Amino acid sequence: MSCISEVAPRPSPRGVRIVQHCSVSPPPEGGGEQQLLIPLANFDIVRLRYHLLNFLFFYRVECSESHFVNTIVPNLKNSLSLALKHFLPLAGKMVFPLTPSALLPVCRYVAGDSVSVAIAVSSGADLHHLTGNHSRDADQFHQLLPRVLPHAYCSSDECITFSPLAIQVTLFPNQGISVGHTLNHAVADGATILAFQHAWASINKLNGDAHLGQNIVRLYDRNCIVANKHLASRAWNHMKTSTPTVSLTISLPTNRVRATFSLSAAQIQKLKSVAVKNVAASSLVVLSGYVWSCLAKSAEAVGEEVGDDEAEYLTCTADIRAMLTPPLPHTYFGNCIVLVLAESIHGTLKAENGFVDAAHTIGEAIREIKSKRDNTFDDLEQRLKLKGKGKRVVTIAASPRFDYYGVDYGWGKPVKMEYPTNDCDGSVFVCKPSAGGGIEIGMSLSNLKMDAFATFFHQGITQSSL
């Protein structure tokens with residue numbers, strides 16, 4: 001583990017100064033495997049060009065800068081080192097070949113590999129404002145995240161190597177702390193990343209990893225995925241003429257605002273009762289259908305010219321670990337998700353019963369994925385269906401089952417969790433709320449469209465018939 005402290009840190013134009021750059025490695029010899037080579041599976045390869053994933057956790061911790069730098073930061077580094085022992089690929093390097101005849105890209109870990117960690121201090125920011133549910137300027141969140149993954153071009157091997165993960169920890173003096181993660185999606189899916197986030201936090205909270213037991217042991221073997229070699233080769237043939245994403249693709253200003261909405265358990269049940277006549281309505285199905293229809297209705301309110309016959313698409317992902325033959329354990333490390341693609345038209349979604357039709361369409365798309373039992377889950381095929389089909393696409397990110405508010409470093413639950421990735425791709429972020437049942441929904445839209453969406457969202461849920 002190495003750290004470089006800036007001698008005379010200067011505030012950035014946005015009021016955040018970096019006070020340390022650190023490289024945190026898993027424990028040295030005796031702390032775990034010393035070398036690991038993982039060929040990327042087809043589910044990984046298709047995500048090399050994705051927008052980088054951003055996760056931002058906010059905590060109420062009233063402490064001074066000296067206590068932060070001298071006590072909290074060293075503890076975070078030590079616990080991160082222990083957590084990486086159980087998630088070695090996150091400390092490794094992604095190797096992307098540049099020669100046409102090259103073999104598949106791989107994730108490679110060797111002893112001494114590390115994660116880049118920036119330690120920062122914010123000046124003048126109001127944590128209470130940042131962690132609200134109301135509309136907030138999206139730009140201010142990106143100064144709390146690493147914008148670039150460390151990367152290099154290797155001329156001898158003709159490849160690009162890059163770190164899959166970078167972290168920034170920011171102090172808001174006497175207010176709190178934010179922990180920001182930036183990742184390339186090819187290294188792992190949301191379930192894997194969340195398992196790492198929980199592990200790091202619990203190790204920091206309990207001052208060690210002895211409590212993790214065998215449930216933390218990850219499965220890296222790609223040979224356990226039947227038909228992976230064929231599908232991975234097909235995905236690589238499609239992707240190898242491009243380059244992986246190693247920096248945030250968003251330009252500032254974003255001209256977007258971020259806002260958080262929620263549906264209580266009772267409201268979710270109400271949505272299910274309306275949709276149940278048409279579809280086996282899960283929480284994800286009714287939530288996605290409701291948001292999709294509200295967004296369609298918002299278009300006209302903000303002056304978008306959309307014909308009633310214009311196609312509308314919604315995508316989400318399905319975790320297929322349990323659907324494979326043989327099934328994979330939940331501890332499988334990597335991406336094991338496929339795209340679910342639902343299609344409708346604008347006039348249907350914005351109609352009075354648009355939610356019911358949307359839920360039915362999404363439910364059928366999910367049922368089609370779940371009906372497969374022959375290991376032919378080709379994520380590339382699903383993505384090619386969407387290519388060139390226009391811009392009216394709503395993406396649901398994460399899952400109502402994901403418990404981000406359980407990521408506790410010993411400072412209590414996060415007061416807020418944000419997913420700034422959707423400032424880039426406009427996705428709808430969903431997760432378990434901080435307390436009680438229901439679902440939390442994170443949106444990123446223009447200010448005008450956010451106001452319109454909020455109106456339809458709140459009006460619809462209060463209507464007896466939706």
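I will go through the protein as a whole and then turn to one of its helices, α5.

Please keep in mind throughout that what you see is a predicted model. In this model the protein has 12 helices and 19 strands, and its radius of gyration is 22 Å, close to the 23 Å that the globule rule gives for 466 residues, so the protein is as compact as a globular protein of that length. If we follow the C-alpha trace along the principal axes, it spans about 60 × 55 × 40 Å. Of the 466 residues, 55% are buried, while the area that the protein does expose comes to about 19,000 Å², with carbon and sulfur atoms supplying 52% of it. When we take the contacts between residues at least 6 apart in sequence, we find that 79% of them join residues at least 24 apart.

Now let us look at α5, which runs over residues 228–239. This helix has 12 residues, and from its first C-alpha to its last it reaches 16 Å, close to the 16 Å expected at 1.5 Å a residue.

Which residues of α5 are buried? They are N228, L231, A232, A235, W236 and M239, and because these residues cover an arc of only 135° around the axis, they lie on the same side of the helix. On the face of α5 that is turned away from this buried side, we find the exposed residues K229 and H230.

And what covers the buried residues of α5? The cover includes α1 (42–45), β5 (93–97) and α10 (379–386), and you may like to find each of these elements in the structure above.

Terms used: Residues numbered from 1 in each chain as written. Predicted model: local features only at pLDDT ≥ 70, side-chain atom pairs only at ≥ 80, totals over all residues. Heavy atoms only, no water. Helix = DSSP H or I, 4+ residues; strand = E, 2+ residues; numbered from the N terminus. Expected span 1.5 Å × (residues − 1). Buried < 20%, exposed > 50% of the residue type's maximum accessible area, 1.4 Å probe, protein only. Arc of directions from axis to C-beta. Contact = heavy atoms within 4.5 Å. Rg over C-alpha atoms; globule rule 2.2 N^0.38 Å. Areas by Shrake-Rupley, 256 points an atom, 1.4 Å probe, with all protein chains shown as cover.
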